[in-house]
Amino acid sequence: MARRKRGPTVLITGASRGLGLEFSRQYAADGWRVIATCRQPKAAKALAAIKGDVRIRVLDVTDQAQVRSLARALKGEAIDLLFNNAGIYGPRKETFGQVDTEAWHQVFHVNVMGPMMIAEAFADHVARGERKTIIALTSMMGSIAENQSGGGYIYRSSKAALNMVIKGLSLSLKSRKISVVMLHPGWVRTDMGGASAHLGIEESVTAMRRLIAGLKPADSGRFFNYDGREIPW
Ligand SMILES: NC(=O)c1ccc[n+]([C@@H]2O[C@H](COP(=O)([O-])OP(=O)(O)OC[C@H]3O[C@@H](n4cnc5c(N)ncnc54)[C@H](OP(=O)(O)O)[C@@H]3O)[C@@H](O)[C@H]2O)c1
């Protein structure tokens, strides 16, 4: 009997809730093999309830030992799509003159150094995949050109720094035919986006999955809105 072909593999960070949870759900429903990572697997009830080929693994993106240990555990496995989704906003009340530099360190650790460590640890796995794609969920708030309202120093600067890291990775990994792309999910009704956000989680994730499915090698290093519009730096 012919063996059924396995679906592609995606590894997602921050899969416990919000956009990461929905990506896990949609890719699993579509027949992908999902490696859904989160900080507290035992508490991730919604993730555990997803049907399909879903492996839940512990991963705090700021914990280099955990990142390396997961990469070792998955050694030799192909990852078609490496999804850097985990992110934090930091303090909501940030007034000029009282910026919390401790919190700033933490936001950079999660939003900037995390995706870099993950890319370093999993580049070999991605190179083995057919699709060879790394995605980072960044934000329009990281666009210097689009900053019309100021404020949000911590989050904005972290996403601007992430964009630079991702652009750099797109150049470093080009010789290995790995594409690295930045996506803004829109303003989405998650814990981070809040209840007044414009987009539902399902709508945002569906649109981003469509965009990812149509990516070409020439898109590596580019910064897209969820609807495919390119965002200026
Ligand atoms: N929602 C929006 O409107 C919006 C707009 C632009 C960009 N984004 C970006 O989209 C991504 C997902 O956002 P979201 O709206 O889904 O946020 P969310 O609902 O707040 O979820 C954030 C996720 O990141 C995880 N996380 C936080 N720190 C982590 C760490 N150190 N290691 C591993 N996982 C960690 C959280 O895990 P725990 O459950 O363990 O805390 C949670 O699963 C973020 O990068 C965000 O910046 C969102």
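Of the 29 residues around the ligand, which come nearest?

## Around the ligand

They are Gly14, Gly18, Gly87, Thr190 and Gly193. A residue counts as near if its C-beta atom, placed from the backbone, lies within 6 Å of the molecule. This is a predicted model, where local features need pLDDT of at least 70, side-chain atom pairs count only at pLDDT 80 or more, and totals for chains, interfaces and linings use all residues. Residues are numbered from 1 along each chain as its sequence is written.

Helix α1 (residues 18–29) gives the largest share of this shell, three residues. Helices are DSSP runs of H or I with at least four residues, strands are E runs of at least two, and both are numbered from the N terminus.

## Strand β1 and its partners

Strand β1 (residues 9–12) points Thr9 and Leu11 one way, Val10 and Ile12 the other. In a regular strand, side chains alternate between the two faces of the sheet. All four of these β1 residues are buried, with 20 or more other C-beta atoms within 10 Å of their own.

Strands pair if DSSP finds at least two bridges between them. β1 runs parallel to β2 (residues 33–38) over four bridges, and parallel to β4 (residues 81–84) over three. Leu11 has Ile35 as its bridge partner in β2 and Leu82 in β4.

## The core

The largest nonpolar core (buried Ala, Val, Leu, Ile, Met, Phe, Trp, Tyr and Cys residues joined through C-beta atoms within 7 Å) has 60 residues, and Val34, Leu82 and Phe122 touch the most other members. Helix α4 (residues 101–128) supplies the largest share of this core, eight residues.

How values were computed
A residue is buried if 20 or more other C-beta atoms lie within 10 Å of its own, exposed if 12 or fewer, and partly exposed in between; C-beta atoms are placed from the backbone.
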